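Please open the model in a viewer and keep the sequence panel visible beside it. The stops below are given in the order in which they may be selected.

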Amino acid sequence: MSLLKFKKIKIETYKPGKSKVFRLKNIIKLSANESALGVSNKVQKEINKKIKLFAYPDSKSKDLRKSISKKFKCKFDNIICGAGSDEIIQIICTLFLKPKDEVIVPQYSFLMYRIYSKIAGAKVVFSKEKNFKISIDEILKKVSKKTKIVFLANPNNPTGTYLKKKELIILRKKLRSNILLVVDDAYVEYMRNKDYESGLKLFKNKSNVIILRTFSKIYGLASLRIGWGYGPKNIIDAMNKIKPPFNVNAVAQSAAVVALNDKKFISKSIKHNLFWAKKFKKIFENYSIKSNEVSANFLLLNFDNCKFSASYIKKKLENNGIILRGMKSYNIKNALRLTIGNSNANNKVVNNFKKIFR
Ligand SMILES: Cc1ncc(COP(=O)(O)O)c(C=O)c1O
């Protein structure tokens with residue numbers, strides 16, 4: 001054992017969605033909100049191209065930022081790319097937080113907000129949700145002199161609920177102007193709800209909002225680790241100063257450019273997701289399993305009115321090689337999160353439920 005001194009950081013480390021079941025070979029992993037249709041053929045071809053592996057990647061991800069800026073009609077200089085949006089969250093926390101600062105996160109929210117905030121020494125304050133939906137009133141109640149950042153994902157993971165366009169605008173208006181609002185648009189592409197608007201569209205010209213986006217979901221590049229942030233130029237400049245110089249690898253950068261522009265694959269994925277999310281929701285209703293309104297590429301299933309418990313169903317499915325996300329680390333009782341998979345995986349889920357409830 002080493003006697004060297006180092007920081008003792010009190011956090012529960014992130015537990016990724018499970019991907020293995022003891023002894024089983026053919027696993028269906030529906031626990032990490034990954035792309036149902038994998039990666040597009042066009043992107044796969046790009047990845048297979050010979051690239052100069054010996055050379056450092058473009059530290060500024062210029063080509064990718066140009067593509068992002070063109071596609072989303074936003075400013076090149078205000079975009080920062082990261083090894084997943086995860087890294088952008090980390091850079092924000094490093095840049096903004098010092099010990100005793102406070103960060104507000106909704107009660108059931110993506111775990112990395114609280115983890116990186118705590119690592120930076122800040123105090124994490126949880127705002128209550130109502131019916132598993134973020135409440136802007138509850139967020140505002142938690143604001144103190146020490147509040148520096150409010151993090152939220154819209155739609156939210158793991159609850160699948162979302163704040164309406166109006167609610168988001170009100171939240172920004174009512175929050176003190178020197179509090180940074182981070183709106184995580186990770187699942188934006190799946191959203192077909194009329195009262196929803198993306199953080200990017202709403203706030204791209206705001207001086208106190210940062211938007212997060214990822215290539216890990218609909219674009220199917222979770223393994224390559226690539227995401228981006230959008231915010232005021234002076235903040236993005238400061239973030240660029242402290243980011244690791246070659247944080248995004250070259251394969252990820254060129255794959256992401258192709259992925260962004262593969263409209264066919266994106267619209268196929270959206271259709272697939274909508275079809276299955278609606279179908280699943282109906283099927284689950286027959287078993288008295290409640291779920292959120294269809295939104296992103298997952299459903300949060302609540303078993304309170306069901307004759308079986310979440311843990312019983314989880315075990316039964318795992319015995320047949322199907323993995324859903326348990327909600328222990330999020331502190332949500334009697335619930336499981338199901339990622340919409342490909343048709344084969346989804347049909348297997350349906351058949352397994354039929355068998356269990358027979
Ligand atoms: C809301 C939210 N933000 C960010 C991420 C992480 O994305 P990335 O893979 O880009 O780090 C996830 C992944 O599950 C997520 O659910």
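**First stop: the central pairing**

Select residues 209–214, strand S9, together with residues 227–230, strand S10: the two run antiparallel and are joined by four bridges. The model on the screen is a predicted one. Within this pair, Thr214 has Gly227 of S10 as its bridge partner. Ile211 is likewise matched with a residue of S10, namely Tyr230.

Now add strand S8, residues 180–184. S8 and S9 run parallel, and four bridges connect them. One place to look is Val182, which stands opposite Ile210 of S9. In general, the strands of a sheet pair through backbone hydrogen bonds, in either a parallel or an antiparallel manner.

Keep S9 selected and display its side chains. Which residues point one way from S9, and which the other way? Val209, Ile211 and Arg213 point to one side, while Ile210, Leu212 and Thr214 point to the other. Six of the six residues of S9 are buried, and the strand is thus described as mostly covered.

**Second stop: the whole sheet**

Extend the selection to the full sheet, which is open and consists of seven strands in the order S2-S10-S9-S8-S7-S3-S4, with mixed pairing. Why is one side of S2 and of S4 left without a neighbour in the sheet? Strand S2 (79–82) and strand S4 (123–127) stand at the edges and each has a single partner strand, so one side of each has no neighbour there. From one strand to the next, the twist averages 20°.

Next, select residues 165–174, which form helix H6. This helix packs on the sheet and touches strand S7 (147–153), S8 and S9. The direction of H6 makes about 160° with that of S8.

**Third stop: the ligand**

Centre the view on the ligand, which is surrounded by 14 residues. The closest are Ser85, Asp184, Tyr187, Thr214 and Ser216. Thr214 has already been met on this tour, as the bridge partner of Gly227.

Three polar contacts may be displayed here:

- Asp86: a backbone N or O atom lies 3.0 Å from an oxygen atom of the ligand.
- Asp184: an N or O atom of the side chain is 2.6 Å from a nitrogen atom of the ligand.
- Lys217: an N or O atom of the side chain is 2.8 Å from an oxygen atom of the ligand.

How much of the ligand does the protein bury? Taken alone, the ligand exposes 400 Å², and the protein buries 93% of that.

**Fourth stop: two helices**

Select helix H3, residues 84–96, and highlight Ile88 within it. Ile88 has a relative accessible area of 0%, so it counts as buried. Apart from residues up to four places away in sequence, Ile88 touches Ile80, Cys81, Gly82, Leu212, Trp228, Gly229 and Met239. For a sense of distance, select Leu53 as well: Ile88 and Leu53 are 35 residues apart in sequence and 24 Å apart in space, C-alpha to C-alpha.

Then move to helix H2, residues 62–71, whose buried residues are Leu64, Arg65, Ser67, Ile68 and Ser69. The elements that cover these residues include S2, S10 and helix H9 (250–261). Just after H2, select Lys73, which takes a positive phi of about 50°.

**Fifth stop: a loop serine**

Select Ser135, in the loop between strand S6 (133–134) and helix H5 (136–141). Is Ser135 buried or exposed? Its relative accessibility is 7%, and Ser135 therefore counts as buried. A polar atom of the Ser135 side chain lies 3.0 Å from the backbone nitrogen of Glu138. Beyond its neighbours within four places in sequence, Ser135 is in contact with Lys128 and Lys130.

**Last stop: strand S1**

Finally, select strand S1, residues 28–30, in which Ile28 lies. With a relative accessible area of 14%, Ile28 is buried. Its contacts, not counting residues up to four places away in sequence, are Gly321, Ile322, Ile323, Ala345 and Lys348. Add Gly341 to the selection: Ile28 and Gly341 are 313 residues apart in sequence, yet 8.4 Å apart in space, C-alpha to C-alpha.

Terms used. Residues numbered from 1 in each chain as written. Predicted model: local features only at pLDDT ≥ 70, side-chain atom pairs only at ≥ 80, totals over all residues. Heavy atoms only, no water. Pairing = 2+ DSSP bridges. Axes fitted to C-alpha atoms, helices over the stretch in contact; angles between N-to-C directions. Contact = heavy atoms within 4.5 Å. Buried < 20%, exposed > 50% of the residue type's maximum accessible area, 1.4 Å probe, protein only. Polar contact = N/O pair within 3.5 Å; in protein donor to acceptor, adjacent residues only side chain to side chain. Near = heavy atom within 4 Å. Areas by Shrake-Rupley, 256 points an atom, 1.4 Å probe, with all protein chains shown as cover.
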